[in-house]
Amino acid sequence: RLYNIACRMSCWITNSAQRRKKVSGVKVSWAYALAEVQVRTTADGDNWDQAVGWHQLNRNHVSLEEDMTFDRPQNVKSLKIEMRGQRPWSYFGINQATFVVAS
């Protein structure tokens, strides 16, 4: 599974095959996490829906793994992880992000 990841204060994760997948969540391995995160998805590349609302990440850990589950499986072409809130380290990093494909 190859995915393209591009980041600033948002990370876009795009299925490199450019085909929609039925996705039930995303698993993120944070190198340096910011304070809050939300997930938005698109089936067509133009219209974005909130899949996981803004929530705080564990403040006690610089790096962590997080499973974010959608309330229902969605057809996803691209997924956007949006972040906000500064931490003492003033930067962020994602080691890996993986679609959780619905069965």
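Buried means under 20% relative accessible area, exposed means over 50%, and partly exposed covers the range in between. With a relative accessible area of 36%, Lys27 therefore lands in the partly exposed class. Keep that scale in mind, as it comes back throughout this briefing. What you have here is a predicted model, and it is a strand-only affair, with 8 strands and 0 helices. The briefing starts with confidence and layout, then goes through the salt bridges, the β4/β7 pair and the core.

**How far to trust the model**

- Mean pLDDT for the protein comes out at 81, and 78% of the residues reach 70 or more.
- Confidence varies by element: strand β5 (residues 48-56) has the highest mean pLDDT, 94.
- At the other end sits strand β1 (residues 3-7), whose mean of 52 is the lowest among the elements.

**Overall layout**

- Reading from the N terminus, the order of elements is simply β-β-β-β-β-β-β-β.
- The protein has 103 residues, and buried ones make up 41% of them.
- Take the contacts with a separation of 6 or more: 74% of them are between residues 24 or more positions apart.
- About 6,000 Å² of the protein is exposed, and carbon and sulfur atoms supply 43% of that area.

**Salt bridges: the Lys27 and Glu65 corner**

- Side chains of opposite charge can pair when their charged atoms come close.
- Searching the whole structure turns up 4 salt bridges.
- One of them links the side chains of Lys27 and Glu65, at 3.7 Å from N to O.
- Lys27 belongs to strand β3 (residues 21-32) and Glu65 to strand β6 (residues 64-76), so this pair ties together parts that are 38 residues apart in sequence.
- Is Glu65 buried or exposed? Glu65 is exposed, because its relative accessible area is 55%.
- Leaving out residues up to four places away in sequence, Glu65 touches Lys27, Val28 and Ser29.
- The C-alpha atoms of Glu65 and Trp30 are 6.0 Å apart, although 35 residues separate the two along the chain.

**Salt bridges: the β4 and β7 side**

- Arg84 and Glu36 meet through their side chains in a salt bridge of 2.8 Å, N to O.
- Since Arg84 is in strand β7 (residues 78-84) and Glu36 in strand β4 (residues 36-42), the pair ties together parts that are 48 residues apart in sequence.
- Arg84 has 37% relative accessibility, so it counts as partly exposed.
- Glu82 and Arg40 make another salt bridge, at 3.1 Å from N to O.
- Here again β7 supplies one partner, Glu82, and β4 the other, Arg40, so parts that are 42 residues apart in sequence are tied together.
- The two partners sit in separate accessibility classes: Glu82 is buried at 12%, while Arg40 is partly exposed at 22%.
- Back at the other corner, salt bridges with shared partners join Lys27, Glu65 and Asp67 into one network.

**How β4 and β7 fit together**

- In which sense do β4 and β7 pair, and over how many bridges? They pair in the antiparallel sense, over 7 bridges.
- For Val39, the bridge partner in β7 is Ile81.
- Met83 is another residue of strand β7, and its 5% relative accessibility makes it buried.
- The C-alpha atoms of Met83 and Val37 are separated by 4.5 Å, with their positions 46 residues apart along the chain.
- Of the 7 residues of β7, 6 are buried, so this strand is largely enclosed by the rest of the structure.

**The nonpolar core**

- In soluble globular proteins, nonpolar side chains tend to be buried together.
- Which residues of the largest nonpolar core touch the most other members? Among its 20 residues, they are Trp30, Val39 and Leu79.
- Two or more residues of this core come from each of β3, β4, β5, β6, β7 and β8 (93-101).
- Two of these names have come up before: Val39 is the residue bridged to Ile81, and Trp30 is the one with its C-alpha atom 6.0 Å from that of Glu65.

How values were computed
Residues are numbered from 1 along each chain as its sequence is written. This is a predicted model: local features need pLDDT of at least 70, side-chain atom pairs count only at pLDDT 80 or more; totals for chains, interfaces and linings use all residues. Side-chain values use heavy atoms; hydrogens and water are left out. pLDDT is the predictor's confidence in each residue, from 0 to 100. Helices (H or I, at least four residues) and strands (E, at least two) are DSSP runs, numbered from the N terminus. Buried means under 20% relative accessible area, exposed over 50%, partly exposed in between (1.4 Å probe, protein chains only). Two strands pair if DSSP finds at least two bridges between them. Contact means heavy atoms within 4.5 Å. Accessible areas come from the Shrake-Rupley method with a 1.4 Å probe; for residues, only the protein chains shown count as cover. A nonpolar core is a set of buried Ala, Val, Leu, Ile, Met, Phe, Trp, Tyr and Cys residues joined through side-chain atoms within 4.5 Å.
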